[in-house]
Amino acid sequence: MSTVRSNRPRRTILRAVVVLALLLGWSGAVGSAAHADQRAGQQAAVAVRGGDILYSTGTRCTVGFNARSGSTLYALVSGRCAQGAHTWYADPALTVAVGVTAGVSFPGNDYASIRYTNTAVAYPGEVSLGAGAGTRDITNAAHPVVGQSICHVGRTTGYRCGAVQAVNITVNYGGGTVYGLFRSTVCSEPGDTGGPAFSGGTALGIIVGSSGNCSSGGFTYYQPVVESLSAYGLSVY
């Protein structure tokens with residue numbers, strides 16, 4: 001991946017091939033899954049955590065983090081992923097409705113919020129680390145710092161860790177330009193988009209794209225979570 005001139009103070013514009021098609025890794029993927037057994041769908045998702053998937057007609061998005069405003073609970077997801085979607089479900093058969101889109105910001109930013117409406121489902125303030133790996137409780141959120149340790153969870157590549165490599169990055173990709181992203185040394189691949197990134201129990205961001213892969217090496221780009229929390233007046237819990 002190459003870096004070209006900056007036209008904003010302290011911002012690096014990345015115009016090379018950033019594999020932000022990660023964001024479209026979900027597109028059209030729901031088709032056959034949507035015909036899954038209805039009974040199984042109705043029994044789906046006793047709880048929805050960060051790292052879990054929510055489904056809508058024609059798309060699905062990974063929950064980055066759960067957040068709240070007073071007693072109202074929300075999911076934070078990729079803005080590009082959530083574009084055009086309204087009602088969200090816990091299962092691919094679209095039988096267990098859990099919420100509705102509350103806000104989307106893309107381009108410029110890459111975040112969205114989903115307001116949970118189904119009180120029969122639990123929404124813990126933690127992230128799932130993958131099958132058999134348990135969960136990580138998230139208690140606060142912070143801006144990323146270069147050199148800081150970071151881990152993320154992707155639906156394709158799982159739980160991986162590295163370090164924050166750069167902040168305040170601007171990326172141009174299909175559909176528009178996104179400002180204020182940060183980058184880590186952790187690899188990711190198509191399907192990982194929307195996954196939560198954290199340092200210990202501190203939420204840092206959600207995956208929005210990558211360069212390279214986990215076989216030959218690569219980097220991951222994130223939307224800072226503090227920005228989206230501030231925009232919607234939310235806090236993690």
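Let me begin with a criterion: a charge is said to sit over a ring if NZ of Lys or CZ of Arg is within 6 Å of the ring centre and within 35 degrees of the ring normal. By that criterion, the charged end of Arg183 sits over the ring of Phe219, 5.8 Å from its centre, and the charged end of Arg68 sits over the ring of Tyr237, 4.5 Å from its centre.

Before going on, I should say that this is a predicted model, in which local features need pLDDT of at least 70 and side-chain atom pairs count only at pLDDT 80 or more, while totals for chains, interfaces and linings use all residues. Residues are numbered from 1 along each chain as its sequence is written, and side-chain values use heavy atoms, with hydrogens and water left out.

I turn to the aromatic pairs, where rings of Phe, Tyr and Trp (its six-membered ring) pair if their centres lie within 6.5 Å, with planes under 30 degrees apart counted as stacked, over 60 as edge-to-face and the rest as tilted. A search of the whole structure finds four such pairs, and I will describe two. In one of them, Tyr111 and Tyr232 meet edge-to-face, at 5.5 Å centre to centre and with 85° between the planes. This pair links distant parts of the chain, since Tyr111 lies in strand E8 and Tyr232 in helix H3 (residues 225–232), 121 residues apart; helices (H or I, at least four residues) and strands (E, at least two) are DSSP runs, numbered from the N terminus. For burial I use relative accessible area, where buried means under 20%, exposed over 50%, and partly exposed in between (1.4 Å probe, protein chains only). Tyr111, at 7%, is therefore buried, whereas Tyr232, at 24%, counts as partly exposed.

The other pair, Phe182 with Tyr222, is stacked, at 4.8 Å centre to centre and with 20° between the planes. Here too distant parts of the chain are linked, with Phe182 in strand E14 (residues 176–184) and Tyr222 in strand E17 (residues 217–224), 40 residues apart. Both partners are buried: Phe182 has a relative accessible area of 1%, and Tyr222 is at 0%.

Next, the nonpolar cores, each a set of buried Ala, Val, Leu, Ile, Met, Phe, Trp, Tyr and Cys residues joined through side-chain atoms within 4.5 Å. The largest holds 19 residues, of which Val48, Leu54, Trp88, Val98, Tyr116 and Tyr123 touch the most other members. Strand E5 (72–77), helix H2 (79–82) and strand E8 (111–116) each supply at least two residues of this core. A second, separate core of 16 residues includes Tyr74, Leu129, Leu229 and Leu234.

How many salt bridges does a search of the whole structure find? The search finds one, taking a salt bridge as a side-chain nitrogen of Lys or Arg within 4 Å of a carboxyl oxygen of Asp or Glu. The partners are Glu126 and Arg49, at 2.5 Å from N to O. Glu126 is in strand E9 (residues 126–128) and Arg49 is in the loop between helix H1 (38–42) and E2, so that the pair links parts of the chain 77 residues apart. At 17% relative accessibility Glu126 counts as buried, while Arg49, at 24%, counts as partly exposed.Strand E2 (residues 53–56) also runs antiparallel to strand E3 (residues 59–62), joined by four bridges; two strands pair if DSSP finds at least two bridges between them. Ser56 stands opposite Thr59 in E3, and in this hairpin, with two residues between the strands, Gly58 takes a positive phi near 85°.

Positive phi also appears in residues other than glycine. For Leu94 the value is near 60°, and this residue is found in the loop between strand E6 (87–89) and E7. Phi of Asn168 is likewise near 60°, but Asn168 has its place in strand E13 (residues 158–173).

Which peptide bond is cis, with omega near -5°? That is the bond from Phe106 to Pro107, and Pro107 is placed in the loop between E7 and E8. Asn109 lies in the loop between strand E7 (97–105) and E8, and its side chain makes a polar contact with the side chain of Ser105 at 3.0 Å. A polar contact is a pair of N or O atoms within 3.5 Å; within protein, one must be able to donate a hydrogen and the other to accept it, and residues adjacent in sequence count only if both atoms are side-chain atoms.

I close with Thr193, in the loop between E14 and strand E15 (196–199), which is buried with a relative accessible area of 1%. A polar atom of the Thr193 side chain lies 3.3 Å from the backbone oxygen of Ile207.
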